[in-house]
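Here is a short round of questions and answers on a structure. Each answer sets a value against its definition.

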Amino acid sequence: HRRSPVRGRARVDLVICASHGGVWRNDGSTEWAGEDVALAAAVPEIDVIVGGHSHTPVPEPIHEGRTIILQAGSEGRYVGELHLTITSEGAVAQNYRLHAVTDSIPADTLMQAEVQRYIASINQSVLAPQGYAFEQILAETDFDLTVREDNSNLGNLVSDAIQWSITQYQPGSPVLAVESNGLIRDDILRGQSGLLQVSDLFRIVPLGLGMVDSSAGYPLVSFYLTAMELKRALEVLTSLYPRKGSNYYLQPAGLRFYFNPNRLPFDRVYEIEMEGENGWQPLALSSATPRLYRVGCNIYLATFIKLVGDFTFGFLRMTPKDSMGRPIADLNTALVDARPDLPGVQELKEWQALLNYVRSFADTDGDGIPNMPERYRQPQTRISSVASFSPALLYKNATSVMWGATLGALVLIAFALACNWYWLKRKYTRCG
């Protein structure tokens with residue numbers, strides 16, 4: 001019976017949980033999994049769970065016991081409609097439908113007025129101070145740019161924008177930039193016109209708040225790492241991403257790297273090349289190499305540097321440094337200052353970096369609107385997975401992870417052989 005003592009005392013007919021847990025299907029499985037499914041199993045008194053977080057359109061209700069689990073995707077693409085009948089045994093779904101939200105639906109006058117009020121507020125408080133407007137056309141594109149768990153043309157664009165912008169505001173040593181898929185929130189789709197408004201680009205990297213000014217968007221930071229620490233940072237993609245999910249997939253700029261998935265976790269990257277005036281040059285991946293390389297990213301991603309070291313039991317420990325090699329205790333001191341001529345730090349937001357970068361593109365068709373460069377039509381190969389059992393690739397630039405495991409394996413093999421030899425010697429000695 002669905003009525004627990006608590007429900008009975010409260011005279012509750014229906015319990016609906018609004019969840020931010022999520023549901024998903026594992027590869028090849030037809031069964032639903034996720035936090036909402038686990039919640040329904042643990043708390044069977046819940047009649048309906050309306051979930052989010054995983055951005056999953058659920059076309060048919062998921063039933064865990066007698067609990068109904070729903071989710072209407074993300075970003076207003078669908079509206080879910082559920083009809084329920086309340087029985088003595090709980091809620092029963094009579095009809096459920098996902099309604100696609102498209103521009104064929106006439107706008108509601110009152111709702112549209114409210115949207116326009118918000119647009120005016122965003123223009124005034126966020127965009128206008130940076131020289132932008134919500135519906136301003138910044139560029140045009142002949143192709144889609146999408147993010148994926150692979151070399152990605154949108155990932156290339158975003159990380160290039162970080163690299164380019166930091167170089168503009170902080171000239172000097174080359175910048176190696178990185179962004180994670182989890183912070184790239186939408187694709188750039190050509191649509192019918194190919195025109196890209198500020199609003200189209202803003203929503204690509206819209207997350208976060210400032211550290212010193214509390215305005216919208218994560219600010220950019222720059223700091224220095226050694227070549228070995230760069231290798232550890234890229235091991236996040238090779239070793240943490242497969243276990244922690246797509247948010248941990250990294251999109252680099254200014255470098256390309258190669259990894260061997262047949263190597264042990266935390267030691268799969270075997271070569272990193274840096275882009276320079278004379279083409280691509282390999283880095284010396286040695287803990288004894290003191291040279292520092294400037295890295296740029298948003299501050300949210302930078303805060304994970306210490307967490308990655310802790311999560312991997314120190315194998316991937318990294319310490320952000322200043323240009324003199326001194327550890328940076330407070331990442332706020334590494335913020336990129338967009339107006340060094342003014343007192344304090346004027347944060348350079350990631351969304352601002354992307355808009356500035358796109359606006360800098362050349363107008364190649366002469367219509368007065370910058371064009372998305374042809375180099376972004378296809379993903380650039382910055383990440384190469386080379387699965388091999390060749391000793392050359394198993395041990396190239398290997399760290400103590402691979403060498404230690406190999407030594408341990410050799411010791412075990414030697415011990416097994418010694419035991420076997422001892423057993424055989426005793427056996428044949430007795431026979432003799």
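Q: When is a residue called exposed or buried?
A: Exposed means over 50% relative accessible area, and buried means under 20%. The model here is a predicted one.

Q: Which residues of α2 are exposed?
A: Glu35 and Ala42 are exposed, on the other side of α2 from its buried residues. Those buried residues of α2 (35-42) are Asp36, Val37 and Ala40.

Q: How do you know on which side of α2 the buried residues lie?
A: Their arc around the axis is only 105 degrees, so they sit on the same side of α2. An α-helix has 3.6 residues a turn, so residues three or four places apart point the same way.

Q: What covers the buried residues of α2?
A: The cover includes β3 (32-33), β4 (48-50), β5 (62-64) and β6 (67-70).

Q: Why is leucine 14 called partly exposed?
A: Partly exposed lies between the cut-offs of 20% and 50%. Leucine 14 has a relative accessible area of 31%, so it is partly exposed. Leucine 14 is in the loop between α1 (5-10) and β1 (16-18).

Q: What makes leucine 14 eligible for a surface patch?
A: A patch residue needs over 30% relative accessible area. Leucine 14 has 31%, so it passes that cut-off. Its nonpolar patch also holds Ile16, Val50, Leu84 and Ile86, with about 370 Å² of accessible area together.

Q: Which residues have the most contacts inside the largest nonpolar core?
A: They are Val221, Phe223, Leu230, Phe257, Ile272 and Leu283, in a core of 40 residues. The largest share of this core, seven residues, comes from α6.

Methods. Residues numbered from 1 in each chain as written. Predicted model: local features only at pLDDT ≥ 70, side-chain atom pairs only at ≥ 80, totals over all residues. Heavy atoms only, no water. Core = buried A, V, L, I, M, F, W, Y, C linked by side-chain atoms within 4.5 Å. Buried < 20%, exposed > 50% of the residue type's maximum accessible area, 1.4 Å probe, protein only. Helix = DSSP H or I, 4+ residues; strand = E, 2+ residues; numbered from the N terminus. Patch = residues over 30% accessible without salt bridge, like charges linked within 9 Å, V, L, I, M, F, W, Y side chains within 5 Å. Areas by Shrake-Rupley, 256 points an atom, 1.4 Å probe, with all protein chains shown as cover. Salt bridge = Lys/Arg side-chain N within 4 Å of Asp/Glu carboxyl O. Arc of directions from axis to C-beta. Contact = heavy atoms within 4.5 Å.
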